[in-house]
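Trainee: Could you show me how to read a model with more than one chain? I would like to begin with contacts between chains.

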Amino acid sequence: MTTLRLLSSLLGLCGLCASWPEEAPVAVEPTTALLVTQIPHDVRGALPGLGRERARTPPPGARIVRLDLARPTEEPKVYVAGFRSAAWPDVSADGRRFLFVGQRSEGDAFQVWEARVDGGAPRQVTQGTSDCLEALYLSTLFTLDAQAPRERLGFCRRSAAGETALFTCAPDGSDEQRITYHPGGGGGPLLLEDGRLLFRVDQVPGAAPRPTPLAELLLVNVDGTDVQAFTAPAPEGVQRSRPCATPDGRVLWLEQRADADDPRLVGVARVRAFGPRSELAVHAAGELHALIVLADGSLVVARRPTDAPAAACELWRLDAASGNFTARLCATSDWDVLDATPLGPRPARPGRSSVVDETRKSGFLYCIDSRIGRDGDTLRSAASLELLAWSASGEHVLGRAPVEHDGSFYLEVPVRTPLRVRALDTEGHALEEMQSWIWVMPREARGCIGCHEDPELAPPNRQPRALRKRPFSMMEPTK
Amino acid sequence: MRNVLALLASCFLVAAGRAQDEVLTSLCGSRVCLECHVAKGRAQACTLEPIPEHAASWRALRKEPAAHIAALTGTTEPPTESSLCLGCHTSGADLGSRWWQTSFDNREGVQCEGCHGPGSDHVRARRAGTPGEVPPPLGIRKGERSFCDDCHRPRPSHDLVLAKSWRLAPEDREYKTPVNLAVAPDGRRLFVVGEHSNSLLVLDVASGALVREIPVGQRPHDVALSPDGSRVYVSNRFSHSVTVIDGASFERVGEVPVGDDPHGLVVSPSGADVFVVDTGEDAISVVDARSLTESRRLVAGRAPWSLALRADGRSLVATSLRPLSAPFRTEPRSELTEIALGANVARARPAVEGATMMMGIAAVPGRDVLLFTLTRPKNLVPITRLAQGWVETFGLGVLWPDGRVDQLLLDEPGRAFPDPEDVAVSPDGRFAVVSSGGADELALVDVERLLHTLESSSDEQRARVLPNHLGRSAEFVLRRLHVGANPRGLVFAPNGRELYVAEALEDAVAVVSMPEFTLTRRLDLGGPRVTTELREGERLFHDATVTQGRQLSCRTCHPDGHIDGLAFDIEADGLGLHPVDNRSLRGIFDTPPFKWEGTNPSLERQCGPRFAVFFTRLDPFTPDELAALVRYLSTIERPPNPHRAADGLTPRQRRGKAVFERARANDGDELPLEKRCTTCHGSAYHESGAVQDVGTTMWFDAAMEVEDPDLEDESDFGPMGIALYQDVLDLARRFDTPMLRNVYASPPYLHNGAVRTLEEIWTRFNLYQGHGMTHDLTRGQLNDLVAYLKAL
C-alpha cells in the first residue's frame with residue numbers, strides 16, 4: 001500500500017504537503033541526468049517534426065547516451081553499443097533498467113530491448129518480423145488465473161502495411177497481447193499516474209467522412225479495457241507533440257498551427273482533461289522535435305533555433321511561465337537530439353486487476369440512455385441502433401438491435417473489434433452516431449451513459465430497462 | 001392458483017388458528033433437577049452426564065483468551081456479560097436474569113436446562129403432582145442431537161485464539177481515534193472525542209499540550225459546548241447516553257440516557273436544550289440541560305447523523321445517513337429534518353433526491369443556508385468500471401431558507417473526493433472546508449462561488465446536471481490539501497485563523513492555517529507510536545486509494561462497519577441481475593460462508609482476488625495487507641442491542657422466542673424440521689453456515705423471461721415475481737442464511753434488499769412458507785416473533 005499512498009500523496013497536490021515529512025508525496029530524488037536519443041547531424045530529414053516524433057523508425061546511427069545537465073561540458077556516455085540504430089529509452093520505476101528499441105543490422109526489425117543503467121549487455125525482449133517501437137514500462141496486471149500481479153511492458157508494433165497498435169508483454173517478451181484496436185492506429189504511449197495509458201490515434205485511413213479522429217488522444221487500461229477519449233481532438237491542421245505528464249498532475253504538449261509562427265505550450269489537468277486548458281505562446285521557437293518534463297517538473301525541448309537552421313537540434317530549457325527558452329543545456333554539435341527521458345527512479349504506478357478472460361469470445365456493450373447528450377441535453381429517442389464495425393475492408397454494419405423506451409440497450413458484441421453505434425428512428429433514419437471508435441475485450445462489459453455523453457457527467461442512477469433482459473446478440477453479421 | 005396462494009398469504013394474519021400457549025417458564029438450575037435426576041441410570045437421567053466441560057464453560061469466560069475471542073466476535077461487553085458468549089457458555093443467557101429463579105446460577109455453566117429448556121413448569125408439575133406421577137418429559141429442545149451443533153460448531157474466533165494463539169496487541173487498546181472536536185468560546189481549549197479510548201481529550205491550543213483526558217461512555221462520537229462554554233456534552237454510541245462535563249473543572253456532571261446509537265449533538269443558542277440524534281432508531285432526543293433528562297424524542301430521517309443550527313438560531317437541521325424506504329430498484333431518496341427551536345417540533349423534512357450518506361452539516365454565517373456532505377450512489381447501474389463517477393459520487397448539499405435543496409459534486413472527472421465526513425464554515429462565511437476520509441484530503445470551498453454556481457444555473461441544470469457533474473467543482477473548490485490518515489471532524493477557531501482536523505487514524509489533530517490553507521502543526525494525542533496490524537487494517541478499510549480513481553473505500557458502503565441501506569449490481573454475476581443487499585460487517589468473523597451466494601468460505605477469500613478484479617480494479621491486496629484488513633474486519637464491533645433489556649427478554653419477546661423455537665403449529669401438528677426457525681437460525685449467531693432455498697427468488701435473480709413486468713403488481717407473479725420463480729421457471733436460488741444478531745439494525749432485508757421490514761418477510765414474501773411455517777401465526781404471534789428477533 002505504500003505505493004498507493006505515494007500515489008495518493010502525489011495526486012494530493014504535493015507542493016502543499018512539504019511540512020509533513022512522513023506524508024511526503026514523492027520519495028524520489030530528482031536527478032539531473034538524462035538518457036538521450038541522438039542521431040548524426042548529417043542524416044538529413046531524419047528529424048520527424050512536431051507531432052511525428054515517433055511515427056517513423058529511428059534513422060541509422062541513432063544512439064542512446066547519458067547526459068548530465070549539471071555537467072554540461074562532460075562528454076556524453078554512450079549507453080548501448082552494437083546496434084545499427086537504438087532509440088527512445090524508457091527508465092524503470094526503480095531507475096535501474098531501461099527499455100529501448102533497437103535494430104542490430106540493416107534489414108532486421110526493430111525490437112524492444114532492456115538494459116541495466118549501470119552497464120552490461122542488453123537483452124532482447126520482443127521477437128518477430130515487424131517493427132516494435134516506443135517501448136515503455138507499464139504497471140502490473142492481475143487476472144483471476146494468476147497467483148500474483150505480473151509486470152508488463154508496452155510497445156507499439158507496426159505491421160508491414162504500416163498499421164500500428166499498442167501491445168503488452170511479459171518482461172521476457174512472452175504473453176504478447178494487443179490492447180488497442182483503433183482504425184487510426186495507436187502510438188505515443190504515455191503511462192499516467194493512475195496507471196492508465198494515454199496514446200494517440202490518427203486519421204482513419206480511407207475512412208468515411210465520419211468519424212474523423214484527428215490526432216486524438218485516448219485513454220485505455222493496460223488490459224485494453226475501457227478505452228475513452230482523454231481530451232478533445234486537435235482541430236484540423238494543428239500538429240500536436242507527444243504529450244508529457246508533469247509531477248503536479250498536468251499533461252502538456254506543444255501545438256503548432258499551420259497558420260501561426262509560434263507553437264503553443266498546452267496543458268490540461270490529468271484528472272480533468274476536458275476542462276479548461278492553459279495555452280502559452282512559445283517565443284522564437286524554431287524547429288521543435290520533442291517536449292520533455294524533468295523530474296522536478298521543469299521543461300526541456302529538443303530544438304533547432306530559427307536563426308541557426310544548420311545547427312544541431314539541441315536541448316533547451318523552456319520556461320513554462322513565460323514561454324521563453326532560457327538556456328541551451330548541452331552542446332551536441334555533431335548530433336541532433338531526437339528525444340530524451342529523465343534518468344532515475346520515479347513513483348510506481350498502480351497496477352490493474354482485470355476482468356478480461358481470454359477464453360471468452362464475446363464482450364458486452366450497454367448504454368444507460370442513448371438520449372443523453374453533452375451537458376445533459378436530451379437527444380431524440382431512438383427506436384433502434386446499428387452497430388458499425390471496422391475491418392481491413394473498411395466500415396460495415398454488424399447488425400441492428402432494439403433500443404428500449406428508456407433509451408437503453410444491451411448488446412453482446414465481438415471482441416477486439418472497432419465498433420461504433422448509430423441511433424436510428426422508427427423509419428431507420430440515422431439520428432445520431434458516435435464520433436469515435438471503441439472496442440471491448442473478452443468478457444469486458446463496457447458501459448456508456450449516452451451516445452453523446454458528456455465526459456464530465458456521471459451516469460444517472462437508474463437501472464437500464466435493457467438490462468432486465470438477456471443481451472441482444474451481435475455476434476452474427478446481419479444477413 | 002397463484003392468486004389463491006397470494007390471497008392465503010395476505011390473509012393469514014387474521015386466520016383463526018389456535019394460539020400457541022404462552023410459554024413463560026423460567027430457569028430453575030441443575031440443583032433442582034438433581035433433586036430427582038440424581039444419577040445416571042435412573043429414569044429421565046441425562047445420558048451425557050457428567051459433562052465437566054459444560055459445568056466449567058462459564059469459568060472459561062473469565063480466562064484471558066476469552067477477551068481476545070470476544071474481540072473477534074464483535075462483542076463490546078465483557079465475555080461474562082455478553083449474551084453471545086453466554087449463549088453457549090451458560091444456560092440462561094438468551095432469556096436473561098429476569099427469568100432466573102433464585103436456585104439458578106448462571107455461573108454453573110451449561111446446565112440441564114441449556115439443552116432441555118426452562119424447567120419451572122416441569123418442576124412445578126412434579127411438585128404439585130401426586131406421588132408417582134411423572135411430569136411430561138422435557139426432552140432435548142429441538143428433538144434431536146443436531147441441537148448440540150449450534151454451539152459445538154467450529155468457530156474461527158476460537159480456533160484463531162486457542163489454536164493459533166492470536167492476541168490483540170497491547171497497543172490495539174491504546175489508540176485514541178479522534179473523530180470529532182469542538183473548541184471553547186475563547187479559543188483556548190480544544191475538546192477532542194477519542195472513539196477508541198472512550199474519552200474526551202482536552203488540549204491547550206497554544207501549546208498543543210494534553211490538559212486532561214476525561215473518561216466518558218462507550219464509543220463516544222461527538223462533542224458540543226454550551227454557548228458560554230460552561231458545559232461540555234459528549235454523545236456515547238454504545239452507552240446510548242450523553243455525558244455531561246463541567247467546562248471549567250472538566251469534572252463529570254452526569255450522564256443522560258438517550259436513544260439508540262447517538263451520534264451528532266448540538267446545544268440550542270440559549271443553552272437550555274441539547275439535541276442529539278439517535279442514529280439507531282431514526283430519532284432526535286431533546287435533553288433538558290437543567291434537569292439533565294430527555295424531555296422529548298422526535299422522529300428524524302433514516303439513521304440521522306449530525307446536526308447544525310441555522311445561522312438565525314431559530315431552527316436546527318439534522319442530516320441522515322441512509323435513504324428512506326423506496327420501491328425496489330429505484331433511486332434512493334434521503335431526508336433532512338428541520339426542528340423549530342423553542343417549540344422543539346419538526347417543521348420541515350426536505351427531501352434530498354438521489355443522495356445518501358449525508359453526514360457533516362454546517363451553517364453559513366451571514367447567509368441563511370446550510371451546507372452538508374453527501375454521497376450520490378449509482379447502485380442501480382452495474383459496477384463495470386471505476387471511472388466517471390460510475391459507482392459513487394461525492395459532494396455537498398445546500399439547504400436554502402425556503403427548504404430548497406441543491407447538490408453539487410466535489411469530485412473531479414478522473415479523481416473522486418471519497419467519503420466526505422464533515423464540513424465546517426469559517427466564522428466570516430467565506431470558506432467551507434470538507435474532509436475526505438477516504439483520500440486523506442481537505443477541500444477548500446469558496447462559499448460565494450459555490451452559491452453563485454447554483455444561482456446562475458437554470459432549474460433544469462440544478463435538478464439534472466449539477467448533481468452529476470464532475471467538472472463543476474473547479475468553479476468553487478479553491479484548493480485541496482493532503483492531511484493525515486482518515487480526517488473526519490472539523491472545527492474552526494473562533495477567530496477563523498485556524499482550522500482543526502481530527503485525523504482519526506493518525507491519532508492526531510492537524511492544525512491548518514487560514515486563509516493560507518496550509519498545515520502548520522500536528523497535535524499529538526498520546527496514542528501508540530506504532531501501527532499495529534489491526535490499525536493498518538483499519539486504515540486500509542477507510543482508504544479509497546485502493547480503488548481506481550479513488551472511487552470508493554470499504555467504508556463508503558460500510559460506514560461504522562455497518563450498511564448504507566442499498567443493494568448494488570455487481571458485474572461478476574451478470575449485468576442487471578442479482579442485485580445484492582449490502583450486509584453489515586459487525587461481528588461477522590464467525591459466520592462464514594460470506595456473500596449471499598455463500599461462496600466465500602473466509603474473509604480472506606471475500607477480500608481477495610475477485611474483490612480486486614470486480615471492485616477495486618487496482619492491485620489486489622498483498623498478503624500482509626489482506627491479513628491486516630481481515631483482522632480489522634474481524635473485530636468490527638456489534639453495538640449493544642437497545643431492544644434487549646439488561647435483565648433479559650420482555651414477556652412479549654419471551655412469547656416471540658417461543659414462536660421462534662416452536663416445533664408445532666397452532667393446530668398442534670408437528671412442524672417439519674425445514675419449516676422451523678431454529679433449523680437454520682438456531683445457533684448462537686442464529687445462522688446455519690449454509691445456503692438455503694427459502695422461496696425468495698425474485699425478479700433479477702435470473703434473466704427476465706417476462707416482458708416489462710410491473711414490479712409492484714403482485715397479482716400475476718406474486719411479490720417481486722416469487723410465484724413465477726417458484727412455480728413456473730423452477731429457477732429457485734439458494735442464499736446464505738444470514739446471522740440474526742442485531743438484525744433490527746439492518747433493513748432492508750433478504751438477499752436483494754427488496755424487503756423493507758422484518759414483518760414483510762412473512763406478510764408478503766413467504767408465499768409458499770419456504771421461509772418457515774408461518775401462515776397460521778396470529779397477528780400477535782407475528783408481532784411477538786418480530787419483537788424477539790429485534791432483541792437478538
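Mentor: Happily! A polar contact is a pair of N or O atoms within 3.5 Å; within protein, one must be able to donate a hydrogen and the other to accept it. Please keep in mind that this is a predicted model.

Trainee: How many residue pairs are in polar contact across the interface of chain B and chain A?

Mentor: The rule finds 22 such pairs across that interface. It also finds two salt bridges there. A:Arg443 forms a salt bridge with B:Glu571, with the closest N and O atoms 3.6 Å apart.

Trainee: Which helix of chain B gives the largest share of the side that touches chain A?

Mentor: That is helix 14 of chain B, with five residues. The residues on this side of chain B divide into 30 nonpolar, 15 polar and 24 charged.

Trainee: What area do chain B and chain A bury between them?

Mentor: The size of an interface is often given as the accessible area lost when the parts come together. Here, chain B and chain A bury about 5,900 Å², 51% of it on carbon and sulfur atoms. In chain B, the residues that lose the most area to chain A are B:Gln388, B:His482 and B:Leu575, together 11% of what that side buries.

Trainee: Now for helices. At what angle do helix 16 and helix 20 of chain B pack?

Mentor: Two packed helices are described by the angle between their axes and the distance between the axes. For helix 16 (residues 651–661) and helix 20 (residues 779–790) of chain B, the angle is about 100 degrees and the axes are 7 Å apart. That makes helix 16 of chain B roughly perpendicular to helix 20 of chain B. The residues of this contact divide into six nonpolar, four polar and four charged.

Definitions and conventions: Residues are numbered from 1 along each chain as its sequence is written. Chains are lettered from A and ligands numbered from 1 in the order in which they are written. This is a predicted model: local features need pLDDT of at least 70, side-chain atom pairs count only at pLDDT 80 or more; totals for chains, interfaces and linings use all residues. Side-chain values use heavy atoms; hydrogens and water are left out. Axes are lines fitted to C-alpha atoms, for helices over the stretch in contact, and angles run from 0 to 180 degrees between N-to-C directions. Helices (H or I, at least four residues) and strands (E, at least two) are DSSP runs, numbered from the N terminus. Angles under 35 degrees count as roughly parallel, over 145 as roughly antiparallel, 65 to 115 as roughly perpendicular and the rest as oblique. Ala, Val, Leu, Ile, Met, Phe, Trp, Tyr, Cys and Pro count as nonpolar, Asp, Glu, Lys and Arg as charged, and the others, Gly among them, as polar. Buried area is the accessible area (1.4 Å probe) that two parts lose on being put together, summed over both. A salt bridge is a side-chain nitrogen of Lys or Arg within 4 Å of a carboxyl oxygen of Asp or Glu. A polar contact is a pair of N or O atoms within 3.5 Å; within protein, one must be able to donate a hydrogen and the other to accept it, and residues adjacent in sequence count only if both atoms are side-chain atoms.
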